[in-house]
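Biologist: Please put the model up. I will ask about it piece by piece.

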Amino acid sequence: MNGTDTPAGARAAYRSGAVMPTSGHASGFTQANLVILPRDWAWDMLLFGQRNPQPVPLLDVTEPGSPHTELAPGADLRTDLPLYRVWRDGQLAEELRDISGLWREDLVSFLIGCSFSFERALLDAGVPVRNIEQGRNVAMFRTNRACRPAGRLSGELVVSMRPVPAAMVPTAVQVTGRMPQVHGAPVHVGDPAGLGIADLGTPDFGEPIEFEDGDVPVFWACGVTPQAALMASRPPFAITHAPGHMFVTDVPDAVYRQP
């Protein structure tokens, strides 16, 4: 075993300064996207998640000022992710490994389901996960599909893409469809132009993933969608995870897996 094989071990590694995508870490445990906003914007974010449940499936919302979540008792949302992004007026201001120095008593944290959580289920079903095989961050793309606006928040859908052998696409759809709280079934299969994506080799977030013979692109709603909304809606201050650098929870993936 290595230090990131368990949720506590993974969080300890990130807290100590390890910076790496979390795909494949603490296999079998749910990972979460993170959005932190001032209380003044919290209702907008809550409503945005309610209106767009596939890209923004809310797993937990903290009390204002609390850096703790019931998804991992004892963990600290200020230190226990490998990399954070700080946004000011919708612009990416900096990336940090620790946000303790920016913490405020009015900040509300939103933990959002992540597609990394269904990768174990795909592997268990015999579906290859190319980004894990290649040791790369998953490829993520902005699309031409608008999310439903909520208050001051609006923006386009962001998707993650995984190459899947054509014969295994039905299995991938079935397996992920049983996990709606971590994005559920794909939103699109095949031609990326249908989502307004011009080139799979140049993702907007993450890294390009190589295709094997017989693979087709499969697209899932992605928890980076709120970051696109932050860019479009320009709140004065926000903090998120860096794409692919998630919060590893103590909750087994099976909790979110429907029979």
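Modeller: Keep in mind that this is a predicted model. We can start just after helix 3, where Gly-126 takes a positive phi of about 90 degrees.

Biologist: Which residues of helix 3 are buried?
Modeller: Helix 3 covers residues 116–124. Its buried residues are Phe-116, Ser-117, Phe-118, Glu-119, Ala-121 and Leu-122.

Biologist: What covers the buried residues of helix 3?
Modeller: The cover includes two helices, helix 4 (130–133) and helix 5 (169–177). It also includes strand 1 (29–38), strand 7 (156–165) and strand 9 (215–221).

Biologist: How many helices and strands does the protein have, and is it as compact as a globular protein of its length?
Modeller: The secondary structure comes to six helices and eleven strands. The globule rule gives 18 Å for 259 residues, and the protein is close to that, so it is as compact as a globular protein of that length. Its radius of gyration is 17 Å.

Biologist: What percentage of the contacts between residues at least 6 apart join residues at least 24 apart?
Modeller: Take the overall span first: the C-alpha trace extends about 50 × 40 × 35 Å along its principal axes. Of the 259 residues, 57% count as buried. For the contacts you ask about, the share is 77%.

Biologist: How far apart are the centres of the positive and negative side chains?
Modeller: The accessible surface is about 10100 Å², and carbon and sulfur atoms hold 50% of it. There are 20 positive and 28 negative side chains. The centres of the two sets lie 4 Å apart.

Biologist: Is helix 6 mostly covered or mostly open, and which of its residues are buried?
Modeller: Helix 6 is mostly covered, with seven of its nine residues buried. The buried ones are Thr-225, Pro-226, Gln-227, Ala-228, Ala-229, Leu-230 and Ser-233.

Biologist: What covers the buried residues of helix 6?
Modeller: One helix is among the cover, helix 2 (39–51). Strands in the cover include strand 1, strand 3 (84–88), strand 5 (107–113), strand 7 and strand 10 (238–241).

Biologist: Why does Ser-233 count as buried, and which backbone oxygen does its side chain reach?
Modeller: Ser-233 sits in helix 6, residues 225–233. Its relative accessibility is 15%, so it falls under the 20% limit for buried. Beyond four places in sequence it touches Trp-41, Arg-152, Leu-153 and Ser-154. At 3.1 Å, its side chain reaches the backbone oxygen of Arg-152.

Biologist: How far is Ser-233 from Gly-151 in space?
Modeller: The two are 82 residues apart in sequence. Taken C-alpha to C-alpha, the separation is 10.0 Å.

Biologist: Is Arg-234 buried, partly exposed or exposed?
Modeller: Arg-234 lies in the loop between helix 6 and strand 10. Its phi is near 60 degrees, positive in a residue other than glycine. Most residues other than glycine have a negative phi. At 43% relative accessibility, Arg-234 counts as partly exposed.

Biologist: Ala-26 is not a glycine either; what is its phi, and is it buried or exposed?
Modeller: Ala-26 is in the loop between helix 1 (7–15) and strand 1. Its phi is positive, about 45 degrees. Its relative accessibility is 1%, so Ala-26 counts as buried.

Biologist: Which side chain makes a polar contact with the side chain of Thr-240?
Modeller: Thr-240 lies in strand 10. At 0% relative accessibility, it counts as buried. Leaving aside neighbours within four places, its contacts are Leu-34, Val-35, Tyr-84, Arg-85, Trp-87, Gln-227 and Leu-230. The polar contact, 3.1 Å long, is with the side chain of Gln-227.

Biologist: Is Leu-111 buried or exposed, and how far is its C-alpha from that of Val-35?
Modeller: Leu-111 is found in strand 5. With a relative accessible area of 0%, Leu-111 is buried. Its contacts beyond four places in sequence include Ala-32, Asn-33, Leu-34, Leu-58, Leu-71 and Phe-247. Val-35 is 76 residues away along the chain, and the C-alpha atoms are separated by 6.8 Å.

Key:
Residues are numbered from 1 along each chain as its sequence is written. This is a predicted model: local features need pLDDT of at least 70, side-chain atom pairs count only at pLDDT 80 or more; totals for chains, interfaces and linings use all residues. Side-chain values use heavy atoms; hydrogens and water are left out. Helices (H or I, at least four residues) and strands (E, at least two) are DSSP runs, numbered from the N terminus. Buried means under 20% relative accessible area, exposed over 50%, partly exposed in between (1.4 Å probe, protein chains only). Contact means heavy atoms within 4.5 Å. A polar contact is a pair of N or O atoms within 3.5 Å; within protein, one must be able to donate a hydrogen and the other to accept it, and residues adjacent in sequence count only if both atoms are side-chain atoms. The radius of gyration is taken over C-alpha atoms; the globule rule is 2.2 Å times the number of residues to the power 0.38. Accessible areas come from the Shrake-Rupley method with a 1.4 Å probe; for residues, only the protein chains shown count as cover. Lys and Arg count as positive and Asp and Glu as negative; His and the chain ends are not counted. The place of a charge is taken as NZ of Lys, CZ of Arg, CG of Asp or CD of Glu.
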